[in-house]
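Biologist: Could you pull up the model so we can talk it through? I have a few beginner questions.

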Amino acid sequence: MKIIQFGAIWCVNCVYMKNVWEEIAGGFNGMDAEYYDADDNPDEFNKYSIKDIPVFIFFDSGGNEFMRLNGAQSKEELIKIIKENLDK
């Protein structure tokens with residue numbers, strides 16, 4: 001499974017989510033995680049049609065998007081989603 005997080009340093013919810021993400025991202029084997037900042041990666045934002053931030057996009061092992069979460073999420077909810085989908 002791969003998860004891409006989109007955010008920006010000037011977005012309060014994005015900064016919060018980036019900190020939450022850093023707390024949990026390393027705790028799962030077999031998961032690839034990337035982060036893109038709006039100011040530094042406009043091409044990635046266009047590629048994935050990102051309009052609002054923060055956004056988490058989840059991909060299965062075949063590279064197919066299977067879930068997109070918009071807005072701030074709780075740490076517990078992210079962990080639950082990861083555990084339920086880690087084998088994808």
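Biologist: Is Glu23 buried or exposed, and what is its relative accessible area?

Modeller: First, a caution: this is a predicted model, where local features need pLDDT of at least 70 and side-chain atom pairs 80 or more, while totals for chains, interfaces and linings use all residues. Residues are numbered from 1 along each chain as its sequence is written, and side-chain values use heavy atoms, leaving out hydrogens and water. Buried means under 20% relative accessible area, exposed over 50%, and partly exposed in between, with a 1.4 Å probe and protein chains only. Glu23 counts as exposed, at 53%.

Biologist: Which side chain does Glu23 meet in a salt bridge?

Modeller: A salt bridge here is a side-chain nitrogen of Lys or Arg within 4 Å of a carboxyl oxygen of Asp or Glu. For Glu23 the N to O distance is 3.0 Å, and the partner is Lys75. That pair links distant parts of the chain, 52 residues apart: Glu23 is in helix 1, and helix 3 holds Lys75.

Biologist: Where do the buried residues of helix 1 lie, seen down its axis?

Modeller: Those residues are Cys14, Met17, Val20, Trp21 and Ile24. They fall within an arc of 125° (taken from the directions from the helix axis to the C-beta atoms), so they line one face of the helix.

Biologist: And which exposed residues are on the face turned away from that buried side?

Modeller: Look at the opposite face of helix 1, away from its buried side. There you'll find Val12, Glu22 and Glu23.

Methods. Helices (H or I, at least four residues) and strands (E, at least two) are DSSP runs, numbered from the N terminus.
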